[in-house]
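Q: I would like a close look at a single part of this model, taken slowly and in connected prose. Please describe how one strand sits among its surroundings and which partners lie beside it.

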Amino acid sequence: MDKLNHKTVYGKHTHIIMFLAFIMTVFFSGTLSAQEFLLGVEVYEKSTNQPLESAEITIQPCACGGITNNNGLFTIRLKANTYELTVNYIGFKSRRTVVDLNSNNTIKLYLEEEEEQLSEVIVRAKRINDNLELPQMGALQLQTQELKKMPSGLGEADVLRSMTLLAGVNNAGEISNGLSVRGGALDQNLLLYDNAPVFNPTHLFGLFSVFTPDVISSVDLYRANIPARYGGRITSVLDIKVKNPYVDKFKLSGGIGIVSSRLNIETPLIKDKLMIAIGGRAGLTDFLLPLFSERLKNTKANFYDSTLKLLYLPTNNDQITFTGFYSKDYYQLDLITKIQNINAKNNQYDFRTLNGTLNWRHSFNEKSNLRTYLVMSNYAPKTIFPEVDNPNNIEFSSQIVYQSLASEFSKEINQDASYYLGIQANKYEISPGELSPGNGNSVDPVILAKENSYEFATYANMNYNPTDAVAISAGLRFSHYVLVGPYKQAVLDDNTGLLLAVNEFEKGAGVKTYNGLEPRLGANIKLNQSTSIKASYARSKQYLQNVYNSTTPLPTSRWKTSDPNILPQLSDTYGLGIYKNISNNEIELGLEGYYRSSENNLTFKPGADFFLEEFLERDIIQGEGKAYGVEFSIKKSTGKVNGWFNYTWSKSLLKSNNEKLGDRINNNNWFVSDFDRPHVINSTVNFEGDRYNTWSFNFTGQTGRPYTVANSVFKLENLDVPIFIERNNARLRPYHRLDFSWNVKYSKKLNKRWVGDWTFTIYNVYSRRNPFNNYYAQRQDGVDTDVFLGSPLGSYELSILNSPLFSLTYNFVFQ
């Protein structure tokens, strides 16, 4: 069945792929000018003679440049001329030099550590005009300094909050456990933290992310032609990198805030050989929550996360790193989830993440290297139900254990061509759920059987510049998935959905296999020095999914791998965009359009309750999906006033194809998904008044989230019960919010080992009462008759934050 679907979809789009190939072939005829020469720049740290990766190189008068690779090397082909090179690297003094280029030449530059921090240096570790030259489409990158400029709700840099300010990226509401990218579901995004997946990326009900802020180096978001090295999700990849601790002396940094405090230490353990960085953060917010909303008076919340990174340099050609990450949350809410016959006074959530990544990079020479890494990720959510009038606790727990081994070889053939190829093996072990009654007897213990599956993949990617005007990125990934026993397979009646039989598989026996090719293609055509057009195509498969029937996943949601009854999700994504830089590349304009068709999207059946359900396929269906839209963006990265503006128009739709009437959603007609937001506006403006003050404003506004309105009401034992026939047939009020941030660098003395600053933020400046959800309640006679008239039920709006959220944080660095 899987192979048949693959051939059908692929054949349907063959003419489009052939058309793109024809367009690219037309531009292959150009040749390089005979007056061009190859310029190589090697950048090293002067004190240790170690190469500096991601050092920024700016070249004038061509207004071009780029960054160094992991060997500290950057190469570029330029016409014969005299050029001024400027090299920047965070924490080091800038270096300028003049080069008379009249033949192929390579120069070495050594940078000294910056002892005096005279002003904030914002290093964009990317090509100066990569939005015009690179074939990668739909890729967004934020560096640490850009993250720090963005206003957050809690006074510190935050990855997920920053992502939601970019075009095509949203969340499910004020409180949400993830991102929706271009109308995709939350579980359709792959979140990597130094190559290890993170299954629950948020703290404090989704107000900010779990990633330790002071250790982050860069954040890359891929939304279109996802590079071939990534697999397992059909919508996007968010790749977060932890910075390497290249230090030769002790450094202490951190922050003390109202909501959370953090501390980061970097120090060498063995000079020039072994270095370590440790960062941690903790938050205790129980006393604050009632100040923001009356509904939060009985709410408790605390959390902490920590990241450790070791860097070992055994030889000049080898680099070994280990990244460890631990995150834990606990919070308590008034009863929002009633399960079976559990009589609980509240819900308590306790979940943790433990990740580890061991990475070895070996350089054969300046242009080729081998990277091998081993990953382990363990996510264990738990829900606690304290019984009423009883000291006993009933607990529900689940777990995901993920292991991965991958190896990738990359080589730069010349200035115009490079490639990488690799292999990867993943193991998934899922414990769907276990209900422990504790010392009580009100419920029976339940243990759902574990699921074990493997995914093997091989991939290759080629970047090629046949002419100055054309750049191509072509990749291919082949994935092979197998579910193994022990496993119980449900045999269901196609018409009634009743369980007919159960097929049992022994440990290690093959249960179901899926495989397929995933081509990726990107092309860039430069019309002139300031304008380019890009096109892209990507096919992706997803074998792991999260199933939930609420606005956002709770710890009780179910993770599920593909099996004989639940097929892998599959998507084909197309993109086309035009980009233009003006004012000497200071202002970037972009207009992107996209279309994504998908199969086997998971959603729940009408009236489904899959908590502790042994055979999940009885309560879910798989259907078609499509998402399309247009994104306009304008960005100014330099100057006293900088920032960006994004506007997105989009649609996200789903459709069931069930024959059984009771399993149809909206009678098998297209309906808007939970993540459909036709209009979204995001704007960020930074005012850098002087060396000591920076003011930032962020505004976000979007169409209200879809929700379901009852179509009718019927009487049942003197109660009015709503009937829901259509799904997502109404919308909440539009969402909009203004945030403010003020950063003050008060230290004016030079050569101080201790440097501090204050960050003051206001989240939701004008107290917008944004709706989180609508719910129904039985009306009492004579209550709210002027509003609901003769309606037997009252519809009420739930808002989480009804006032501004203030935060003050003191940040410091000691070295």
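A: In this predicted model, strand β11, which covers residues 189-193, is largely enclosed by the rest of the structure, because 5 of its 5 residues are buried. Buried here stands for a relative accessible area under 20%, and the residues that meet this cut-off point in two directions: N189, L191 and Y193 face one way from β11, while L190 and L192 face the other way, with all of them buried.

The strand also has partners to pair with. With strand β16, made up of residues 236-242, β11 runs parallel, and 5 bridges join the two; within this pairing, L190 of β11 stands opposite V237 in β16. With strand β12, residues 196-197, the arrangement is antiparallel and rests on 2 bridges, and here L192 has P197 of β12 as its bridge partner. Thus L190 and L192, which point the same way from β11, are matched with V237 in β16 and with P197 in β12, respectively.

The strands β11 and β12 form a hairpin with 2 residues between them, and in this hairpin D194 takes a positive phi near 50 degrees.

A buried position can also be picked out in another strand, β32, which spans residues 531-542 and contains T531. T531 has a relative accessible area of 8% and is therefore buried, and its side chain is joined to that of K580 by a polar contact of 3.1 Å.

Conventions:
Residues are numbered from 1 along each chain as its sequence is written. This is a predicted model: local features need pLDDT of at least 70, side-chain atom pairs count only at pLDDT 80 or more; totals for chains, interfaces and linings use all residues. Side-chain values use heavy atoms; hydrogens and water are left out. Helices (H or I, at least four residues) and strands (E, at least two) are DSSP runs, numbered from the N terminus. Buried means under 20% relative accessible area, exposed over 50%, partly exposed in between (1.4 Å probe, protein chains only). A polar contact is a pair of N or O atoms within 3.5 Å; within protein, one must be able to donate a hydrogen and the other to accept it, and residues adjacent in sequence count only if both atoms are side-chain atoms. Two strands pair if DSSP finds at least two bridges between them.
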